[in-house]
Amino acid sequence: MIKFAVDNLTDMHAALQNFASRLRVLGLNEDDVFFSRLVGCELLTNVIRHCGTLASFTGEIEGDMIVISVSSEESRSLPPCPELPDVLSESGRGLYIVNAVCSGNVTYKGNTVIAKIAIKTPAE
């Protein structure tokens with residue numbers, strides 16, 4: 001399991017790189033690493049940009065799933081995953097991408113989003 005908290009995009013990218021490296025060490029292939037980093041990046045960016053608070057991240061392997069949990073210090077509930085936004089929409093695409101990558105396996109509990117990504121194949 002890896003945990004960290006960030007409040008800016010520079011620290012976020014460095015912490016997600018560490019998470020990606022950890023997944024590689026555990027034997028995950030590059031597709032699974034890419035999608036895990038993408039989901040983490042989208043969720044953390046939303047908290048940092050839209051809530052303006054510290055974002056807490058937890059990433060771990062549970063069976064055949066990569067489980068990513070992101071929380072905001074802010075106590076308000078987060079919105080559910082949106083429908084496909086209009087192609088010219090300026091918001092909502094990130095959460096839509098997260099929902100698509102996770103095959104709809106995204107849950108919201110107050111100020112926490114839990115996203116589960118099915119591990120596709122082992123590293124070669």
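# Notebook: helix packing and a few residues

I began with the handedness of the first helix pair: α1 and α2 cross in a right-handed sense. The model I am reading is a predicted one.

**Entry 1. Helices α1 and α2.** I looked up the extent of each helix. Helix α1 covers residues 9-25, and helix α2 covers residues 30-51. Their axes lie 10 Å apart and make an angle of about 155 degrees. The cut-off for roughly antiparallel is over 145 degrees, so α1 and α2 count as roughly antiparallel to each other.

Next I listed who makes the contact. From α1 come Leu 9, Met 12, His 13, Leu 16, Gln 17, Phe 19, Ala 20, Leu 23 and Arg 24. From α2 come Glu 30, Val 33, Ser 36, Arg 37, Gly 40, Cys 41, Leu 44, Thr 45, Ile 48 and Arg 49. I sorted the residues of this contact by class: 10 are nonpolar, five polar and four charged.

**Entry 2. Two α2 residues from that contact.** I picked Thr 45 and Arg 49 from the α2 list. Is Thr 45 buried or exposed? Thr 45, in helix α2, is buried, at a relative accessible area of 13%. The limit for buried is under 20%, so 13% falls inside it. I then checked what Thr 45 touches beyond four places in sequence. The partners are Leu 9, Met 12 and His 50. Leu 9 and Met 12 are also on the α1 side of the helix contact.

Arg 49 also sits in helix α2. Arg 49 is exposed, with a relative accessible area of 57%. I took the C-alpha distance from Arg 49 to Leu 9 and got 9.0 Å. In sequence, Arg 49 and Leu 9 are 40 residues apart.

**Entry 3. Salt bridges.** How many salt bridges does a search of the whole structure find? The search returned one. The partners are Glu 30 and Arg 24, with 2.6 Å between the closest N and O atoms. The cut-off is 4 Å, so this pair qualifies. Both residues were already on my list for the contact of α1 with α2: Arg 24 from α1 and Glu 30 from α2. I looked up accessibility for each. Glu 30 is partly exposed at 45% relative accessible area. Arg 24 is partly exposed too, at 35%.

**Entry 4. Helices α2 and α3.** I moved on to the second helix pair. Helix α3 spans residues 93-101. The axes of α2 and α3 come within 9 Å and cross at roughly 150 degrees. What is the handedness of the crossing where α2 passes α3? The crossing is left-handed, whereas that of α1 and α2 is right-handed.

The α2 side of this contact consists of Phe 35, Leu 38, Val 39, Glu 42, Leu 43 and Asn 46. The α3 side has Gly 94, Leu 95, Ile 97, Val 98 and Val 101. By class I noted eight nonpolar, two polar and one charged.

**Entry 5. Ser 103.** I followed the chain on from α3. Ser 103 lies in the loop between α3 and β4, where β4 is 106-109. Its phi is positive, about 50 degrees, although Ser 103 is not a glycine. I checked accessibility: Ser 103 is exposed, at 67%.

**Entry 6. Thr 107.** Thr 107 is placed in strand β4. At 35% relative accessibility, Thr 107 counts as partly exposed. Which residues does Thr 107 touch, not counting those up to four places away in sequence? They are Thr 112, Val 113 and Ile 114. Strand β5 runs over 112-118. I also took the C-alpha separation of Thr 107 and Ser 69. The value is 9.5 Å, for two residues 38 apart along the chain.

**Entry 7. Lys 120.** Lys 120 is in the segment after β5. Lys 120 is exposed, with a relative accessible area of 53%. The C-alpha atoms of Lys 120 and Asn 29 are 8.3 Å apart, with their positions 91 residues apart along the chain.

**Entry 8. The whole chain.** I closed with the overall counts. The protein has three helices and five strands. In sequence order the pattern reads β-α-α-β-β-α-β-β. Of the 124 residues, 40% are buried. I also looked up the contacts with a separation of 6 or more. Residues 24 or more positions apart account for 63% of them.

Methods:
Residues numbered from 1 in each chain as written. Predicted model: local features only at pLDDT ≥ 70, side-chain atom pairs only at ≥ 80, totals over all residues. Heavy atoms only, no water. Salt bridge = Lys/Arg side-chain N within 4 Å of Asp/Glu carboxyl O. Buried < 20%, exposed > 50% of the residue type's maximum accessible area, 1.4 Å probe, protein only. Axes fitted to C-alpha atoms, helices over the stretch in contact; angles between N-to-C directions. Helix = DSSP H or I, 4+ residues; strand = E, 2+ residues; numbered from the N terminus. Parallel < 35°, antiparallel > 145°, perpendicular 65-115°, else oblique. Left-handed = near helix turned anticlockwise from the far one by under 90°. Contact = heavy atoms within 4.5 Å. Nonpolar A, V, L, I, M, F, W, Y, C, P; charged D, E, K, R; others polar.
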